[in-house]
Amino acid sequence: MSHLINGNAKLDEKLWYVKDGLLYGCFAKEDTLTLPKEVRAIRANAFSLARARSIVIPHPVVMHPYAFCGSTFEEITLPEGTKRIEEKTFAGARHLARVHNLETVTYVGPEAFAGCTSLKEWHMEQLMDMIDESAFENAGLTSLRVRCKVIGRKAFWKCASLEVVEVMNALLIEDSAFAYCASLQTLQLKKPLLRLGDHAFHGCSGLRQVDLPSSLQECGFRCFAEVPDVHATVSKRLKPLVEDDCVIEKWQKDFPRVLDFEEDVSCTVFENTATIHYV
């Protein structure tokens with residue numbers, strides 16, 4: 001049985017439930033789905049009853065928060081030219097492993113990929129404006145390489161499997177952006193980075209190598225707290241975001257055994273092979 005959409009287009013009502021261009025539900029059981037051209041918006045949990053490995057979205061469409069939550073999709077192909085991934089679009093899509101047509105994306109919204117535990121890599125070569133708050137919170141990422149001006153608050157919070165991070169072109173990494181990424185071992189932050197927020201890498205207990213750019217001016221309170229056996233020499237050109245009479249005391253909570261403050265430090269050494277380089 002089929003029914004009319006917008007007066008003339010027909011869809012099989014057993015597979016697609018669409019009203020006034022809004023997709024309420026999909027019940028298809030195929031390997032790959034293609035979103036019908038009649039769909040202009042996708043509501044939350046629209047694919048929770050579908051059984052498919054991948055979906056192709058060939059045209060621009062509004063995706064409501066949690067649009068793909070509960071889906072079985074492992075791959076999603078976005079429309080060519082996509083620039084923004086909005087808030088919570090893929091949140092809870094725990095099977096999602098690959099997203100295609102990301103080459104023009106410049107913004108990832110709050111919680112856009114939160115809880116995507118099968119998503120292992122996020123490598124973006126184009127310059128992005130922002131990865132927003134909690135965008136990848138509790139995601140399954142193991143490797144991250146991005147060019148992004150701003151990394152938002154808790155953007156990668158508790159990505160417990162994340163091992164390697166390379167951030168280029170950033171000006172700001174906000175509070176708790178990578179907090180509790182306990183598997184993180186290698187961290188490369190490059191110019192023109194100016195500021196690390198409070199607790200930015202708090203609880204990254206696996207850190208063994210940290211590369212910080214000479215452009216860095218401000219390092220937030222307890223930025224590297226609970227990174228064990230820290231043994232550091234800190235440059236005067238770095239200043240905590242909280243400026244008061246207890247500045248050195250606050251730094252010592254980040255770097256428990258601060259040896260010295262130097263004007264032009266070239267290398268800051270952690271114990272147990274963990275090393276900070278100014279590059």
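This text walks through the structure above, from its overall make-up to single residues. The model is a predicted one.

Start with the whole protein. It holds 1 helix and 25 strands. The chain has 279 residues, and 48% of them are buried. Now take the contacts between residues at least 6 apart in sequence. Of these, 25% join residues at least 24 apart. The outside can be described too. The accessible surface comes to about 12,600 Å². Carbon and sulfur atoms account for 48% of that surface.

Next, go inside. In soluble globular proteins, nonpolar side chains tend to be buried together. Here, the largest nonpolar core has 73 residues. Which residues have the most contacts inside this core? They are F47, F68, F113, W122, F136 and F178. Several strands give two or more residues to the core, including β3 (16-19), β4 (22-26), β13 (121-131) and β14 (143-151). Further along the chain, β15 (164-168), β17 (186-189) and β19 (209-212) also give two or more residues.

Pick F113 for a look at its surroundings. Leave out residues up to four places away in sequence. F113 then touches I85, F90, L96, V99, V108, L119, W122, A135, F136 and A139. Two of these partners, W122 and F136, are also among the core residues with the most contacts.

Nonpolar side chains also appear on the outside. Y17, Y24, F27 and L49 form a nonpolar patch on the surface. Together they have about 370 Å² of accessible area. Y17 sits in strand β3. Is Y17 buried, partly exposed or exposed? Its relative accessibility is 41%, so Y17 counts as partly exposed. Strand β3 also gives two or more residues to the largest core.

Now turn to a loop. T82 lies between β9 (75-77) and β10 (84-85). Is T82 buried or exposed? T82 is buried, because its relative accessible area is 14% and the cut-off for buried is under 20%. A polar atom of the T82 side chain lies 2.6 Å from the backbone oxygen of P79. T82 has partners farther along the chain as well. Setting aside neighbours within four places in sequence, T82 is in contact with N101, T104 and V105.

Charged side chains come next. How many salt bridges does the structure hold? There are 8. One of them joins E75 and R98, with an N to O distance of 3.3 Å. E75 lies in strand β9 and R98 in strand β11 (residues 98-100), so this pair ties together parts that are 23 residues apart in sequence. The two partners differ in how much they are covered. E75 counts as buried, because its relative accessibility is 17%. R98 counts as partly exposed, because its relative accessibility is 38%.

Two further salt bridges connect strands β13 and β14. In one, the side chains of R145 and E125 meet at 2.7 Å, N to O. R145 is in strand β14 and E125 is in strand β13, 20 residues apart. R145 is partly exposed, with a relative accessible area of 27%. E125 is also partly exposed, at 43%.

The other bridge joins D129 and K149, whose closest N and O atoms are 3.5 Å apart. D129 lies in strand β13 and K149 in strand β14, so this pair also ties together parts 20 residues apart in sequence. D129 has 40% relative accessibility and counts as partly exposed. K149 counts as partly exposed too, at 35%. Salt bridges can also share partners. Through such sharing, D31, R53, E75 and R98 are joined into one network.

R53 leads to the last stop, H95. Where is H95? It sits in the loop between β10 and β11. H95 has 32% relative accessibility, so it counts as partly exposed. In sequence, H95 and R53 are 42 residues apart. In space, they are 9.0 Å apart, C-alpha to C-alpha. What does H95 contact, apart from its neighbours within four places in sequence? Its partners are S71, T72, F73, E74 and S118.

Notes. Residues numbered from 1 in each chain as written. Predicted model: local features only at pLDDT ≥ 70, side-chain atom pairs only at ≥ 80, totals over all residues. Heavy atoms only, no water. Helix = DSSP H or I, 4+ residues; strand = E, 2+ residues; numbered from the N terminus. Buried < 20%, exposed > 50% of the residue type's maximum accessible area, 1.4 Å probe, protein only. Contact = heavy atoms within 4.5 Å. Areas by Shrake-Rupley, 256 points an atom, 1.4 Å probe, with all protein chains shown as cover. Core = buried A, V, L, I, M, F, W, Y, C linked by side-chain atoms within 4.5 Å. Patch = residues over 30% accessible without salt bridge, like charges linked within 9 Å, V, L, I, M, F, W, Y side chains within 5 Å. Salt bridge = Lys/Arg side-chain N within 4 Å of Asp/Glu carboxyl O. Polar contact = N/O pair within 3.5 Å; in protein donor to acceptor, adjacent residues only side chain to side chain.
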